[in-house]
Amino acid sequence: MQVSSLNEVKIYSLSAGRSLPEWLSDRKKRALQKKDVDIRRRIELIQDFEMPTVSTKIKVSRDGQYIMAVGTYKPRVRCFDTYQLSQKFERCLDSEVVTFEILSDDYSKVVFLQCGRFVEFHSQHGHYYRTRIPKFGRDFSYHYPSCDLYFVGASSEVYRLNLEQGRFLNSLQTEASESNVCDVNPVHFLFAMGTTEGKVECWDPRTRNRVGLLDCALSSVTADTEIDGLPSISALQFDGALNMAVGTSTGQVLLYDLRSSNPLIVKDHHYGLPIKSIQFHRQLDLIISADSRIIKMWNKDTGKIFTSMEPEYGINDVCLYPNSGMLMTANEAPKMNIYYIPVLGPAPKWCSFLDNLTEELEENPESTVYDDYKFVTRKDLENLGLAHLIGSTLLRAYMHGFFMDIRLYHKAKMMANPFAYEEYRREKIRQKIEETRAQRVQLKKLPKVNKELALKLIEEEGEEQQITRKRKQKNLPSLLKDDRFKVMFENPDFQVDEQSEEFRLLNPLVSKISEKRKRKLKILEELEARGQEEEEEPEGKASDAESSESSDDEKGWVEEVRKQRKLLRQEEKLKRQERSKEDQQTLLKPQFFEIKEGEEFRSFKDSAKKQKLMKKTLEDRLKLEEKLGILNVSDTTVGSKQATFKLKKSEQQRKQQEAEKQHRQERKTLRRPASHLKSKRGRGRRFH
């Protein structure tokens, strides 16, 4: 499997490597695999995924289970089952296939357009029917709503064959002399065809009338392009309801919006070769265009190159496996190429192991090693006494040095340095001494801030390393080495307060553990001060003592929590007493407030009420005013709301109203005796 990278996009060629002949026995194949590294490392994703000489077209069924390819020689079609990773069947044909279409979800209904004007239908069991069209065909498309096949070729007419009625219908008469390609939009079923004059004609199959004409030859010519002749249309592909990509014979790709006659973007391959295939990748907004030499992937909005591939042999067709990052090509060679690009998408479900394989390769990249050669510089040759060999066949110049045979290098080194064994022996002794020193106590430089926390992390890291060695797991990164937590061990503002209430309640046993760490910290500080690097660490307790200590810690956990709570209560009492003493000592001073003119002082409660009202929302204030009777909200007949307000009265208005009210009461009292006398007189008259 070969790995290439362009623009940081990894491309895995799954069909790289030599293929073994079919007539070889299994014993010889195994012997070759042992000897040859390339054969041993190759990946045969699908067994016998090749043609005898050349493959021309390749397609995938709609259910994704079958891959069909046509090629020569002899003309044949091969169907591969992806669930079995092998060939399902092979059928030979009478003439070469120009193109073909899979009509069903699987391989049961296939139509082939052949060179001799023949149209051949195949069913599940094999050959079903064969007919002929009047002129040589170059491409065809299937119109699903009407079950019509549209054939274009060396004629101005577009032939229609209805599969439901089993007969030819009236053909479409175009202005073009010949047509090369055609396609049907999968959304609104508009039929488009590309002509040799560089134009695209769009037809409505319902009315059988032309509804649009695009002059792509004129739009493809820009200031930078050099064209020998008139560009014709060589590829055509719809994307959704509105987008259409057109490829020309001079190597340009034009992206159109069907609502405009001008292209959105023009992309040139710069090879002058006809575009053979166009594919759309909707997830990443990419267009995959290919000529016979290169496959380019570029952004459809900006035209920026995403990545590209240049196979060893000429390209005839490109097929993108749906909803995955797999790409297949039909080439001018027996073997059909399979590429896997993880950036485009995951591997198909029938070869999901590719994801794990590529992840392992990315984690452990293999460096290229020349086993039989040694790279040496000019200085190395002078030290070995082989400078006179420069220019001979024994040295091959490469970059800033030379490649030489590894056997010659070892011989020259033995002659130039006969005491190499002594140096090797000294090096081994030095390594052994370093291993023994590593077992001794090594002084650890602790940070200035949070020393106990750093010591705790170091101890935990050592325990985790022992566990990971036993379980053969990956070591996790340490917080001390992580730049994100660097400030916690440098800035004194991040110092852990062990006397705080939260720390003491959350860590009831921290006192016993911290005592051990404090001892270690004192020992480490003493060793740093004295500079005794080789001083041994004081021996700890035995394992039985440690286990008994851990059990005592578990039993005394509740008692330790109670002690901590009692201490916290005592501290709170002391703080309250100190606060009461301070309050007694402090003298209260009077505070003076200024009243504005025209206002009367009632109490501090009114100002407090006003402040509370100002803090409330408008909705709360309106509800309060409704309760007090200041605001009245009522519904109208139309459905709207009517609100009436009563304005607050000022002090002068209130005084005036009170005076008027008092005056009215005085007048009433004055009128009462007169009315009383009149009533008495009236009564007396009546009785008399």
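Which residue forms a salt bridge with D239, and how far apart are the closest N and O atoms? The partner is R282, and the closest N and O atoms of the pair are 3.0 Å apart. The structure is a predicted model, in which local features need pLDDT of at least 70 and side-chain atom pairs count only at pLDDT 80 or more, while totals for chains, interfaces and linings use all residues. Residues are numbered from 1 along each chain as its sequence is written, and side-chain values use heavy atoms, with hydrogens and water left out.

## Salt bridges

A salt bridge is defined here as a side-chain nitrogen of Lys or Arg within 4 Å of a carboxyl oxygen of Asp or Glu. By this rule the model contains 16 salt bridges. Side chains of opposite charge can pair when their charged atoms come close. Three of these pairs are set out below.

| Pair | N to O distance | Separation in sequence |
|---|---|---|
| D239 and R282 | 3.0 Å | 43 residues |
| R210 and E175 | 3.4 Å | 35 residues |
| E90 and R78 | 3.2 Å | twelve residues |

Helices (H or I, at least four residues) and strands (E, at least two) are DSSP runs, numbered from the N terminus. D239 lies in strand β19 (residues 233-239) and R282 in the loop between β23 (277-281) and β24 (286-290), so their salt bridge ties together parts that are 43 residues apart in sequence. Residues are called buried under 20% relative accessible area, exposed over 50% and partly exposed in between (1.4 Å probe, protein chains only). D239 is buried, with a relative accessible area of 7%, whereas R282 is exposed at 57%.

The salt bridge between R210 and E175 also links distant parts of the chain. R210 belongs to strand β18 (residues 209-215), and E175 to the loop between β14 (167-173) and β15 (179-184). R210 is partly exposed, at 34% relative accessibility; E175 is exposed, with a relative accessible area of 62%.

E90 is in strand β6 (residues 86-92) and R78 in strand β5 (residues 76-81), so this pair joins parts that are twelve residues apart in sequence. E90 counts as partly exposed at 33% relative accessibility, and R78 as buried at 10%. Both residues take part in a network of salt bridges that links R76, R78 and E90.

## Nonpolar core

A nonpolar core is a set of buried Ala, Val, Leu, Ile, Met, Phe, Trp, Tyr and Cys residues joined through side-chain atoms within 4.5 Å. The largest nonpolar core has 23 residues, of which F49, I58, M326 and M328 touch the most other members. Strands β3 (54-60), β4 (66-72), β28 (326-331) and β29 (337-340) each supply at least two residues of this core. The greatest contribution is that of β28, with three residues. In soluble globular proteins, nonpolar side chains tend to be buried together.

## Backbone features

Most residues other than glycine have a negative phi, and most peptide bonds are trans. The peptide bond from T72 to Y73 is cis, with omega near -15 degrees. A cis peptide bond also joins Y73 and K74, with omega about 15 degrees. Y73 is found in the loop between β4 and β5, and K74 is placed in the loop between β4 and β5 as well.

H270, although not a glycine, has a positive phi of about 65 degrees. H270 sits in the loop between β22 (265-268) and β23 and is exposed, at 64% relative accessibility. N323, also not a glycine, has a positive phi of about 55 degrees. N323 lies in the loop between β27 (315-320) and β28 and is exposed at 69% relative accessibility.

K349 is located in the loop between β29 and α4 (353-363) and is exposed, at 69% relative accessibility. K349 and Y83 are 266 residues apart in sequence and 9.2 Å apart in space, C-alpha to C-alpha.

## Positive surface patch

Patches are made of residues with over 30% relative accessible area and no salt bridge, with like charges joined within 9 Å and nonpolar side chains (Val, Leu, Ile, Met, Phe, Trp, Tyr) within 5 Å. R562, K563, R565, K566, R569, K573, K575, R576 and R579 form a positive surface patch. One of these residues, R569, is found in helix α12 (residues 557-585) and is exposed, with a relative accessible area of 55%.

Technical notes:
Areas by Shrake-Rupley, 256 points an atom, 1.4 Å probe, with all protein chains shown as cover. Lys, Arg positive; Asp, Glu negative; His and termini not counted. Charge placed at Lys NZ, Arg CZ, Asp CG, Glu CD.
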